[in-house]
Amino acid sequence: MRKLLLLLTVITVGLLFIARLFYLQVYNKEAYSLFEDNAIRKVYDYPKRGYVYDRNGKLLVANQPSYDVMVIPREVEPLNDTQLAEFCNLLKITKEDYQKKFERAKNYSPRLPSVFVPQLSKKDYAVLQEKMRKFEGFYIQKRSLRDYQTTIGANVLGDIGEVNRRIIEKEPYYKMGDLIGKQGVELSYEKVLRGVKGIKFIQKDRFNKNIGPYKEGKFDTLPQPGKDITITIDSELQQYGELLMTHKRGGIVAIDPSNGEILALVSAPSYNPNILVGRGRSKNFTKLFRDSIAKPLFDRGLQAQYPPGSPFKVINALIGLQEGVVDTNDKVACRMGYYYGSRRLTGCHHHKSPVDMNNGIAQSCNAYFVNIYRRIIDNYDDAGEAMNIWADHAKSFGLGNFLGYDLQVGRPGRIPDGDYYDKAYGDNRWGSTYIVSNAIGQGEVEATPIQLANMAAAIGNRGYYYTPHIIKGIEDDTIPSKYTTPKYTTIDKRHFEPVIEGMFDVYNKGTAATLRIPGIEICGKTGTAENFMKIDGQKTQLTDHSIFVAFAPKDNPKIAIAVFVENGYWGSRFAGRMASLMIEKYLKGEITRTDMENWILTHSLENEYAKPYSGEPFKINGETTLQLIDKVNIHKTENINNSEDKDIQNSSIRIDQNTSNQ
């Protein structure tokens, strides 16, 4: 009986083994099981990455061939000193580099291929190819690198680079040495552009030699090329914007109000995208990354949060009309600023007084807008409730939050609400006089250039906007519906006309009267924002930022724009000129105001950017920093206003209530 039981057990186990082998060899035809088979070599075939075109069909990004030296560590035969020297010489690396690269590949996987030396030139490839047979475990793999057909738009186009372990763990599709979009549209549309890798399974014998395709290539797959995309950028407008921003820092964002397409996204300083291609990528990227002063990798159009300054006044005008606390004919007296009792809370420049809404916008009167702002907040018994209502109105223009565009970087800006000030001052321990800076786009309000451009688009559309986006078309596909669905503000359409008339008169009789473009009706708003920096631990004022927002034409606008120039003095000096030129370039295709163009191209701000690092006293509004510090110590409650600009608001150092609330 025991012998019979033992025999049955042996037969049963044998049948199970036979059945399993039969299943694996006959019925199990899943290709994925091959990835675990050490007797089969996997060779990936990389697809063509999709091309990138601008809105007018101009090719911006193509491909160029690249050759990587791959290694499978466990298949590498030990090299003697002569062989190692020859191999290193061919690869143009040192013996120390060889050891480091080999250990890195071995740590990743002894049996899987990984990149040993990436991106050989055609010349190096031609020399190396003939001698690769001498070095077991190494082979050459062809793939594509980007070939940028332009020198502009580095922040928009982005670049591709090698994946790291974190990406591989998150996305199993990628293997060590694979390339992935790192910034811009290369990152945002990586899955569209990259395509799908093909693969070949190669059978090996017991000596680890290739003997041919596994099962005659039955499980091999062909690569699927990436899809071409068309982006919304007008490359000529982008190039012109970058030209205007030469020797300056800041951002320019232009949007088509009718659909939310981003026409230009300029960040300055910038760089040639081609320097991040090839074997020099790592060195060049490190150099850009370590530039902590100019910050060329920092996209100022999307990531820089600035006080919006006077352009924000039009939002307060619209909120005041919606809340019914002001009429377009209401007039406010201005005595070179806004006074609360005998105390001046904000300064202002000289202009005719009193002013109604139209002239308040055209002349950028601080007193007028502080008056409106206080009416909005004081219209409710609870200041916190009033601030929440005010904040909701402002946020409906896309301010104070991420806009939802299709680029991966950005900042939310800031629109303070009641909770914000309750935390700052305590519940019910503050009122409208504490926060008057919000009336003129200073204080706690912050926005990015793309938010201001979107705000201008919403005003030009009389109360709605489309989510700004960079994608215009995808090969054999459609763009997401969220980019074609309008978003509405909380302001009634009828309230926009008087505000638009005021912005139109900014060009006709106001702070941008010298910036008019013949034949184009432009609605705009100049702005100047304070600029502070800590120097040796002390908060120090630098030259003010120059801001301008506009849209054109007045009816059915085709372009809305925001320009922000760091340390640009005042709104019409740099930003206003640039905005007017960009509008003319886009709508006319040529420049007639060559006087403005020549002025911009011949004026640099590099000396302003060098001041904080010079170690020497420097002038702000005609006075040295030491003189200003003396004034701070003497005049604890006075508003110093020495600006020559018509639009400037509280641009000098202030130690009054307006400053203490910042």
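This is a short dialogue on how some labels for this predicted model are justified.

Student: What does the secondary structure of the protein come to?

Tutor: It comes to 23 helices and 22 strands. Of the 662 residues, 55% count as buried.

Student: Why is cysteine 88 called buried?

Tutor: Its relative accessibility is 4%. Buried means under 20%. The value of 4% falls under that cut-off, so cysteine 88 counts as buried.

Student: And what makes cysteine 365 buried?

Tutor: Cysteine 365 has a relative accessible area of 0%. The cut-off is again under 20%, so cysteine 365 is buried.

Student: How many disulfides does a search of the whole structure find?

Tutor: Zero. A disulfide needs a pair of cysteine sulfur atoms within 2.5 Å. The search of the whole structure finds no such pair.

Student: Why are H12 and H15 called oblique to each other?

Tutor: Start with how such a pair is described. Two packed helices are described by the angle between their axes and the distance between the axes. Helix H12 (residues 313-322) and helix H15 (residues 383-395) pack at about 120°, with axes 10 Å apart. Roughly perpendicular covers 65 to 115 degrees, and roughly antiparallel starts over 145. An angle of about 120° fits neither range, so the pair is oblique.

Student: Which residues make the contact, and what is the handedness of the crossing?

Tutor: H12 contributes Ile315, Asn316, Ile319 and Gln322. H15 contributes Trp390, His393 and Ala394. The crossing is right-handed.

Student: What makes S19 and S20 a strand pair?

Tutor: Strand S19 (residues 538-552) and strand S20 (residues 559-565) share seven bridges in the antiparallel sense. Pairing requires at least two bridges, so S19 and S20 pair. Phenylalanine 551 stands opposite alanine 560 in S20.

Student: Where do these strands sit in the sheet order?

Tutor: The open sheet has five strands, ordered S12-S11-S20-S19-S18, with antiparallel pairing.

Student: Why are S12 and S18 called edge strands?

Tutor: Strand S12 (261-268) and strand S18 (523-535) each pair on one side only. Neighbouring strands of this sheet are turned by 10° against each other on average, direction ignored.

Student: Which helix packs on the sheet?

Tutor: Helix H19 (residues 575-588). H19 touches strand S11 (250-256), S12, S19 and S20. Its direction makes about 150° with that of S20. Over 145 degrees counts as roughly antiparallel, so H19 and S20 run roughly antiparallel.

Student: What share of the contacts with a separation of 6 or more comes from residues 24 or more positions apart?

Tutor: Such residues account for 71% of them.

Key. Residues numbered from 1 in each chain as written. Predicted model: local features only at pLDDT ≥ 70, side-chain atom pairs only at ≥ 80, totals over all residues. Heavy atoms only, no water. Helix = DSSP H or I, 4+ residues; strand = E, 2+ residues; numbered from the N terminus. Axes fitted to C-alpha atoms, helices over the stretch in contact; angles between N-to-C directions. Contact = heavy atoms within 4.5 Å. Buried < 20%, exposed > 50% of the residue type's maximum accessible area, 1.4 Å probe, protein only. Parallel < 35°, antiparallel > 145°, perpendicular 65-115°, else oblique. Left-handed = near helix turned anticlockwise from the far one by under 90°.
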